[in-house]
Amino acid sequence: MKRICVLPGDGIGPEVVASAVKVMEAASDELEFVHADIGRAAYERHGSYLPGETLKSMRECDSSLFGAVTTVESADYSSPVLTFRKELDLYANVRPVRSLVQISGRPPIDVVIVRENTEGMYTQNEVFDDVGVTTMRKVTRKASERIVGFAIRYARAHGRRRLTCVHKSNVLKASDGLFVSTFRELMASGGRDLEGDEQLVDSCALKLVTEPSAFDVIVTLNLYGDILSDVAAGVAGGLGFAPSGNIGDRHSVFEPAHGSAPDIAGKGIANPTAAILAAAMMLKHLGLGADGSRMEAAVMQFYSSGHLTADLGGRHGSESFTEHVLKNLKPGPKH
Ligand code: NAD
């Protein structure tokens, strides 16, 4: 049995996570669920947005499924997401984006963005001075080697051919320069079976929209990966379509790439696709690949049958979408 820590969080987090848990329960008899608080509910019950008990559960379980949290505008607020990524050393953020629906005027996309998840602009080291604020941006050789090495292994293991390093080393010559030179070294020593490519982040954003087939797997720094994965999700139909995995050597946390979407929370129209695909990624990561694949197939069948969710102008809200996915789920072998 695999133990999954379930962290619904805020806004639409509980809505899409509930849907993903239903589909996982139907897809696999190898799972046990442990529920834990994060975000506002955690603050109200335990006085912390990420209580120690929650972090303990995340460490003890085989993996975690997280919804989203709403950022609180307060000087003493620190992001539970950045904290668990750091505490659990989840250094790779994997964001696959694939078109499940043909959308008029948008090209098909099938790209995986592998984002460095521990440093860059996300160390939250900001210092006020007389003229404004200085933000420290950290790029280390160790983190660059870890993420590029991860991306090479990921591309190979998933049958991908091309790995593109995305950076801005024409301006950030030292820091992004270190990232690019690490990429070149690792590709020359351990990635020669893959096609290596390099692209500046601004033109990458353009190409993701106009010619996404130019990309297969992208490896990039933290902030670029965060932004580019939302651009890619937009091409595929919106944030409801982009799953994400935070992966380290010992722990992992899977989540939809979107936030808590307060504008649609409680309306029953959040698209659970990203959360279900994130759960499927988690099962594959845990060695339950057949169960994960059946979940993906059930989601794909919903769209290939011509149905559309509310975010694409269709009539299916979260509940009716989930019912269809459960009906589409092919029975698996009993373990
Ligand atoms: P968001 O991702 O929550 O929403 C952006 C837009 O996409 C909104 O219009 C929303 O309705 C739509 N959307 C997102 N997910 C959807 C889904 N599953 N189905 C249909 N439509 C969906 O981003 P935001 O509005 O910039 O941020 C809202 C809050 O979420 C903020 O407090 C932000 O800090 C937080 N946030 C949290 C995380 C996280 O917990 N990992 C990530 C990003 C943002």
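Two strands are taken to pair if DSSP finds at least two bridges between them, and helices (H or I, at least four residues) and strands (E, at least two) are DSSP runs numbered from the N terminus. The structure is a predicted model, in which local features need pLDDT of at least 70 and side-chain atom pairs count only at pLDDT 80 or more, whereas totals for chains, interfaces and linings use all residues. Residues are numbered from 1 along each chain as its sequence is written, and side-chain values use heavy atoms, with hydrogens and water left out.

Strand S4 (residues 92–98) runs antiparallel to strand S5 (residues 110–116), to which it is joined by seven bridges, and within this pairing Val97 has Val111 of S5 as its bridge partner. S4 also pairs in the antiparallel sense with strand S11 (residues 243–247), over three bridges, where Val94 is partnered by Gly245 of S11. Six of the seven residues of S4 are buried, so that the strand is mostly covered, where buried means under 20% relative accessible area, exposed over 50% and partly exposed in between (1.4 Å probe, protein chains only). Asp89 lies in the loop between helix H4 (80–87) and S4; with a relative accessibility of 33%, this residue counts as partly exposed. Although Asp89 is not a glycine, its phi is positive, at about 50°. In general, most residues other than glycine have a negative phi.

A parallel arrangement is found around strand S1 (residues 2–9), which pairs with strand S2 (residues 31–35) over five bridges, Cys5 standing opposite Val34 in S2. Between these two strands the chain passes through helix H1 (residues 13–27), and the resulting β-α-β crossover is right-handed, a term that applies if, with the strands pointing away from the viewer, the path from the first strand over the helix to the second runs clockwise. S1 is also joined by five bridges to strand S3 (residues 63–68), the two running parallel, and here Gly9 has Ala68 of S3 as its bridge partner.

The ligand is surrounded by 20 residues, of which Thr71, Gly259, Ala261, Asp263 and Asn271 come nearest, a residue being near a molecule or strand if one of its heavy atoms lies within 4 Å of it. The shell comprises 10 nonpolar, seven polar and three charged residues; Ala, Val, Leu, Ile, Met, Phe, Trp, Tyr, Cys and Pro count as nonpolar, Asp, Glu, Lys and Arg as charged, and the others, Gly among them, as polar. An N or O atom in the side chain of Thr71 is 2.4 Å from an oxygen atom of the ligand, while a polar side-chain atom of His258 lies 3.2 Å from a ligand nitrogen atom. Taken alone, the ligand exposes 800 Å², and the protein buries 67% of that area, with accessible areas obtained by the Shrake-Rupley method with a 1.4 Å probe and, for residues, only the protein chains shown counting as cover.

Glu255, located in strand S12 (residues 252–256), likewise has a polar side-chain atom 3.2 Å from a nitrogen atom of the ligand. The side chain of Glu255 is also joined to that of Asn246 by a polar contact of 2.9 Å, that is, a pair of N or O atoms within 3.5 Å, for which, within protein, one atom must be able to donate a hydrogen and the other to accept it, and residues adjacent in sequence count only if both atoms are side-chain atoms. Glu255 counts as buried because its relative accessibility is 5%. Ala261, in the loop between S12 and H9, has a positive phi near 40° although it is a residue other than glycine.

Helix H9 (residues 273–285) contains Met281, which is buried, with a relative accessible area of 14%. The C-alpha atoms of Met281 and Ile147 are separated by 19 Å, the two residues being 134 residues apart along the chain.
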